Amino acid sequence: MASRKNNHKIFFLSLSRYYGFYTGGFIGFVTLLAIAEQMGMPNAWIGYIFMAATFGLYAGIGVMSRTADISEYYVAGRRVPAVFNGMATGADWLSAASFIGMTGTLYLSGYDGLAFIMGWTGGFVLVALFLAPYLRKFGQFTIPDFLGARYGGNVVRSVGVFAAILASFTYVVAQIYGVGLISSRFLAIDFTTGIFVGIAGILVCSMLGGMKAITWTQVAQYVILIIAYLVPVVMLSQRITDVPVPQLMAGQVLQKVSEREQEIFNDPQQLKARELFSHKADEIDARIKGLPGSLTAERHNAERGLARIKAAAAPDASAIWGAEQSLQNLPRNEIEARETWEREADKLRASAKAPHPHAEPFPGENEKVRDTARLNFMALAACLMIGTAALPHILMRFYTTPSVKEARQSVFWSLFFIFLLYFSAPALAILVKFEIYTKLIGSSIADLPAWVAAWGKVGLVRIDDINRDGILQLAELTLNPDVILLATPEIAGLPYVVSGLVAAGGLAAALSTADALLLTIANALSHDVYYKMIDPYASTPRRMIISKILLLLVALVAAYCASLKPDHILSMVAWAFSIAASAFFPALVLGIFWKRANKWGALAGMAVGLGMCLYYLVSVKFYGMAPWFGIKDIAAGAFGVPAGMFTLVVVSLLTPAPETEVQELVEHCRYPQLMVDTGGKSV
Amino acid sequence: MPLSKTHQEYWNKNLRMTAALLLVWFLATFPVIWFVRDLNILSFLGFPLGFYMAAQGSLIIYVAVVWFYARYMNKLDKKHGVAEE
């Protein structure tokens, strides 16, 4: 026993040494690139070197961690020390959305965006109190494993597999989409190629070494992503406030932002611009009402315009080209016209809307709107928290620690490492807002900084001088949420190497999450469906082969879906939390804390919870059902979780109590070590 | 399987601590959102207090709760003889 403890200690020390060297090496590498940039290395090279170095690193770790051992493949041999499991969970957790999208959401929504910050951290309290130590003691390979053992039979396991795949798949598609976006922009290759480059990076790692390779890669990815997030925030804070601690200084900057807001919101030209946008939107609405006649009229107008240009004494080639282009871009039929015009009108209305102050909670015209916004904030925070405590790719990380004790500590480290980023994100949003409100708004459109044009080219920044005064008003600037973080280095006037660093960080965030999600899906299929249900006598090599083939297939299907650039899929990502929360949370938590919970209760509870959640999501999103209590589809778990919980309890009480063996399993999970255990043998 | 008295005591203590920390989690989350306008009258580090809580304050409480629970339970394991070797 003592020697095992000693081995852990030696392993921990050598890991610390490796990753210490690695972190130092990475900082040195970035410094060298910064020096090279000063000496005139072109930006494109910096992009290539960053991508090649990080991909090479991940692939290298993958190759070094290749394994043919089942326990290493599924749970990294259960010897990941708490601190390192915390970092791996951090990388696992921080996705492309957290890294890139969230800063933008915080910038655009102000206080109301903080629901994500609270939800995505507070959930770990639930993981710590309700799940991690008990799942570690149970100690199998997947989350459906626990459901199968606790509730008996393959039916509950199958529902678990279905829900795990449902929650993970849309999520992984979004990660791969993020990988495609970043690598295409920084390597100047097309989007689809970018996706397949990314997939190759993911597969080298996870196919060779499963959970073991993923774990050690994720630790490396965490180091990159946290450095990449903190460096620009700290530098921006230093520049604006002369103090490099953004979290402390953001409050004072927020006061300045609030003062500035009063000026620019009430600027007469700003009000005029909003009015013009609103007029334009009304015109388009009239056009939509006038369909199909209005489409014919539009086409006539365009044709007449083209004819007039062509008939001119000296036809201007570019004008002809422009007119032909706009004729071609007209919607082809009524349905398409309705869709495009509605989208256009929505955009214009968004520009026409009154901006709201950053610090103001739940803005709205009247008390009712504000109350609904408050309710939505709470429901969303609750769904994100419960979803965090139910997402299989997070929970399975707690199977990998050496002991229950380390599983508990590891939740702390996970939350701590995640906290480092979330704690800085609201500060970053405030600092960027200050820069944009003071440097950009109110300046002449002719001499805006170069980054505006650069990101305008890829469609993430739009400027429309609708009141033609040559000055940029707030309403005339449209920012895509993704651009806020990606452009921060340029907004702050930092060297290009920082942009490369941020891109590498975003890529690390997306790849690490995609790794874990793909493994979750492939394991649900290979372990739970194939090994547990189809062929329980399969040999170890056969199980490994099946796992790897499934991993490859799932990765290709996900990559294909991402390459279609599906709008819907991206908006569905946030659904994963509600889906996982509704399907898993009641069955997992009551399975541990309530011995009376039985198979029928779990089955009914999971089905009702998941069913309720999906029904609400789909009806509100696609069939225009009026939301209950005004709760948006993203927080569908607010209905799914209580419904599932209630059903589980009622049905369990109406049916017989579970057998003694199951009750003993529950007791086994509750105590890190139970000496009176059935002869010391584990269940 | 009969559980000894110390085992039951261990589990009851765990449940009590879990409930207490869950209450802390709840207070750090929902009332802070519900009463944000009232909290915003006060200010902290230049932030309106309600904004500060959602951006940083509640997060710090969450981290502290998880840290405390791990420490408390790992001690409790030893005290009741259910710690792993």
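Colleague: Where in chain A is A:F629 found?

Modeller: A:F629 lies in the loop between α24 (599–622) and α25 (637–654) of chain A. Helices here are DSSP runs of H or I with at least four residues, strands are runs of E with at least two, and both are numbered from the N terminus. Residues are numbered from 1 along each chain as its sequence is written, while chains are lettered from A and ligands numbered from 1 in the order in which they are written. This is a predicted model, in which local features need pLDDT of at least 70, side-chain atom pairs count only at pLDDT 80 or more, and totals for chains, interfaces and linings use all residues.

Colleague: Why does A:F629 count as exposed?

Modeller: A residue is exposed if 12 or fewer other C-beta atoms lie within 10 Å of its own, buried if there are 20 or more, and partly exposed in between, with C-beta atoms placed from the backbone. A:F629 has 11 such neighbours, so it counts as exposed. Its phi is near 55 degrees, a positive value in a residue other than glycine. For background, most residues other than glycine have a negative phi.

Colleague: Why is A:A76 called buried?

Modeller: Because 26 other C-beta atoms lie within 10 Å of A:A76, it is buried. A:A76 sits in the loop between α3 (70–75) and α4 (82–93) of chain A. A:A76 is not a glycine either, and has a positive phi of about 55 degrees.

Colleague: What makes α4(A) mostly covered?

Modeller: In α4(A), 12 of its 12 residues are buried. Among them are A:F84, A:M87 and A:W93. The helix reaches 16 Å from its first C-alpha to its last, close to the 16 Å expected at 1.5 Å a residue. That expectation is 1.5 Å times one less than the number of residues in the helix.

Colleague: And why is A:I70 only called partly exposed?

Modeller: A:I70, in helix α3 of chain A, has 18 C-beta neighbours inside 10 Å, so it counts as partly exposed. Leaving aside neighbours within four places in sequence, A:I70 is in contact with A:T540 and A:R543. Two residues are in contact if their C-beta atoms, placed from the backbone, lie within 7 Å.

Colleague: How many residues of each chain take part in the contacts between chain A and chain B?

Modeller: There are 45 residues of chain A in contact with 40 residues of chain B. On the chain A side, α17(A) gives the largest share, 12 residues. The residues of that side divide into 29 nonpolar, 10 polar and 6 charged. Here Ala, Val, Leu, Ile, Met, Phe, Trp, Tyr, Cys and Pro count as nonpolar, Asp, Glu, Lys and Arg as charged, and the others, Gly among them, as polar.

Colleague: Which residues touch the most other members of the largest nonpolar core?

Modeller: They are A:I176, A:L225, A:L518, A:A580 and B:V66, in a core of 230 residues. A nonpolar core is a set of buried Ala, Val, Leu, Ile, Met, Phe, Trp, Tyr and Cys residues joined through C-beta atoms within 7 Å. Helix α9 (residues 191–241) of chain A gives the largest share of this core, 24 residues. Leaving aside neighbours within four places in sequence, the contacts of B:V66 include A:F124, A:V411 and A:L415.

Colleague: What radius of gyration does chain B have, and what would a compact globule of 85 residues have?

Modeller: Chain B has 18 Å, where a compact globule of 85 residues would have a value near 12 Å. The radius is taken over C-alpha atoms, and the globule rule is 2.2 Å times the number of residues to the power 0.38. The C-alpha trace of chain B spans about 55 × 25 × 15 Å along its principal axes. Its secondary structure comes to 3 helices and 2 strands, in the pattern α-α-β-β-α along the sequence.

Colleague: What pLDDT do the two chains average?

Modeller: Chain B averages 93, with 98% of the residues scoring at least 70. Chain A has a mean of 88, and 98% of its residues reach 70 or more. Over residues 677–683 of chain A, however, the pLDDT is below 50. pLDDT is the predictor's confidence in each residue, from 0 to 100. Where pLDDT is low, the predicted coordinates should not be read in detail.
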